[in-house]
Structures are given as structure tokens and as C-alpha cells.
Amino acid sequence: MTTVKARVACALRGEVEIWKSAVPLILLYVAVIAPIMGVIGGTQWWRDITMQSPVRDVRVLTVSATALEIRVSGTLVKPRDCQTVGAPLAQVVMDGIVLAADFRADEPLGTPDSRPASNLPQAFDGWIITSPEPWPDRAVMYRRHNCDGKIFTSRVFDIPWPKEGNE
């Protein structure tokens with residue numbers, strides 16, 4: 001009987017030592033790591049490196065600009081079957097100030113609003129951003145997608161606005 005009691009006591013001491021080590025790690029996870037992962041998980045760079053972004057590998061191949069309009073075309077990869085939500089959001093940046101801009105797509109008829117999922121590049125053409133002020137510094141486009149019930153806002157591109165002489 002004494003041997004059983006001694007074994008139980010020894011096992012309990014070992015388990016207490018394990019819990020003494022585990023409790024700080026559990027508290028660290030609950031207090032620090034889990035909240036940080038919640039914040040990081042919502043960022044675009046995290047979605048990009050974990051392959052969760054609805055759109056990736058956007059390559060702007062041609063750009064033409066006037067004082068108030070920029071027209072871009074290129075390719076993108078849409079690896080997830082996510083549906084677009086609402087209209088694209090366009091912005092221009094001028095001297096560090098972000099201004100709302102208009103977006104319109106002048107793509108060929110039959111181009112779906114929400115492209116099908118594919119790991120191959122898909123072309124886009126005739127994406128036009130109209131600035132409220134002449135010659136901004138940058139053009140930025142965002143798009144919202146519904147992926148399995150979660151809404152993601154992704155920056156599609158952020159490119160410099162070509163200056164005069166590129167009209």
C-alpha cells in the first residue's frame with residue numbers, strides 16, 4: 001500500500017511540475033499571442049503569405065495617364081472562388097493626402113464582374129481611375145470579396161501616376 005501511495009505522490013509531484021511550466025505558456029498565449037494572431041490574420045500581407053487572398057499576383061502591364069485619368073491593364077490570379085462585394089474602391093494619393101476617386105471598367109463585353117477561380121493569370125483591361133485633382137502621385141484600387149462568408153478587403157494595386165509627357 002505504501003508503494004502505491006508513494007507512486008501516486010511521485011506522479012502528482014511530476015504533474016504539478018508540468019503545470020508550473022505550462023500555466024505561464026497558456027497565459028502568454030491567451031494574453032498576447034491569440035490577440036496578435038487575430039489582428040495579424042486580418043492583414044493583407046498575412047493573407048498573401050498564407051495564400052488566403054482572393055486575388056494575388058496582380059501585375060499592371062500597361063499604364064496610360066492624363067492629368068485626371070489613369071488606365072491600367074494587366075493580369076491577376078484569383079485562386080479562391082470568392083464573389084465580389086459592391087463596387088471597386090479607388091483612391092488617389094496627392095502629397096500624402098488620400099482622396100476618393102471614381103473607378104470604371106471598360107472591359108470587353110462578357111467579362112464577368114467576379115472572375116472564376118483559377119491558378120493561372122487572367123487578363124484585365126480598361127480599368128480606369130478618375131482623379132478629383134490633376135496629376136496625383138499614386139492610384140490605388142481595392143476590392144471586397146466574400147470568401148466562405150468572410151468579407152475581405154484587398155488592395156489590388158497601388159501604382160505611381162505617370163506625370164506629364166505620358167498623355
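Two strands count as paired when DSSP finds at least two bridges between them. Keep that in mind as you explore this predicted model, where pairing is the thread of the tour.

**Stop 1: the whole chain**

Start with everything shown as a cartoon. The chain holds two helices and seven strands, and from the N terminus the elements run α-α-β-β-β-β-β-β-β. If you colour by burial, 28% of the 167 residues come out as buried.

**Stop 2: the sheet**

Now select the strands. In which order do the seven strands of the open sheet lie? Across the sheet you meet E1-E2-E5-E4-E3-E6-E7, with antiparallel pairing. At the edges stand E1 (56–65) and E7 (150–160); each has a single partner strand, so one side of each is left without a neighbour in the sheet. Look along the sheet and you can follow its twist: neighbouring strands are turned by 30° against each other on average, ignoring direction. If you switch on backbone hydrogen bonds, remember that strands of a sheet pair through them, either parallel or antiparallel.

**Stop 3: E1, E2 and E5**

Select residues 56–65 together with 69–78, that is, E1 and E2. These two strands form a hairpin with three residues between them. Seven bridges join E1 to E2, and the two run antiparallel. For a pair to label, pick Val 63, whose bridge partner in E2 is Val 72.

Next, add E5, residues 118–130. E2 and E5 also run antiparallel, joined by eight bridges. Here you can label Ile 70, which stands opposite Ile 129 in E5.

Is E2 largely enclosed or not, and why? Eight of its ten residues are buried, so E2 is largely enclosed by the rest of the structure. Buried here means under 20% relative accessible area.

**Stop 4: E3 and E4**

Move on to 83–94 and 97–105, which are E3 and E4. Five bridges hold this pair together in the antiparallel sense. Zoom in on Gln 91 to find its bridge partner in E4, Ala 100. While side chains are displayed, a general point helps: in a regular strand they alternate between the two faces of the sheet.

**Stop 5: the disulfide**

Select the cysteines Cys 82 and Cys 147, which are joined by a disulfide with an S to S distance of 2.1 Å. Distant parts of the chain are linked by this pair: Cys 82 sits in the loop between E2 and E3, Cys 147 sits in strand E6, and they are 65 residues apart. A search of the whole structure finds one disulfide. Which hand does it have? The torsion about the S-S bond is about 115°, so the disulfide is right-handed. Both Cys 82 and Cys 147 are buried.

**Stop 6: the largest pocket**

Finish by selecting Thr 84, Asp 113, Arg 115, Trp 127 and Arg 143, the residues nearest the centre of the largest pocket. Its lining has 18 residues in total, and the pocket contains about 260 Å³ of space.

Which strands each supply at least two residues of the lining? They are E2, E3, E4 and E6 (138–147). The largest share, three residues, comes from E6. Colour the lining by class and you will see nine nonpolar, four polar and five charged residues.

Definitions and conventions
Residues numbered from 1 in each chain as written. Predicted model: local features only at pLDDT ≥ 70, side-chain atom pairs only at ≥ 80, totals over all residues. Heavy atoms only, no water. 1 Å grid on protein atoms, 1.4 Å probe; cavity = no way out; pocket = protein on both sides within 12 Å on 5 of 7 lines; lining within 4 Å. Points joined across faces, edges and corners; volume = space filled by probe spheres on them. Helix = DSSP H or I, 4+ residues; strand = E, 2+ residues; numbered from the N terminus. Nonpolar A, V, L, I, M, F, W, Y, C, P; charged D, E, K, R; others polar. Axes fitted to C-alpha atoms, helices over the stretch in contact; angles between N-to-C directions. Disulfide = S-S within 2.5 Å. Buried < 20%, exposed > 50% of the residue type's maximum accessible area, 1.4 Å probe, protein only.
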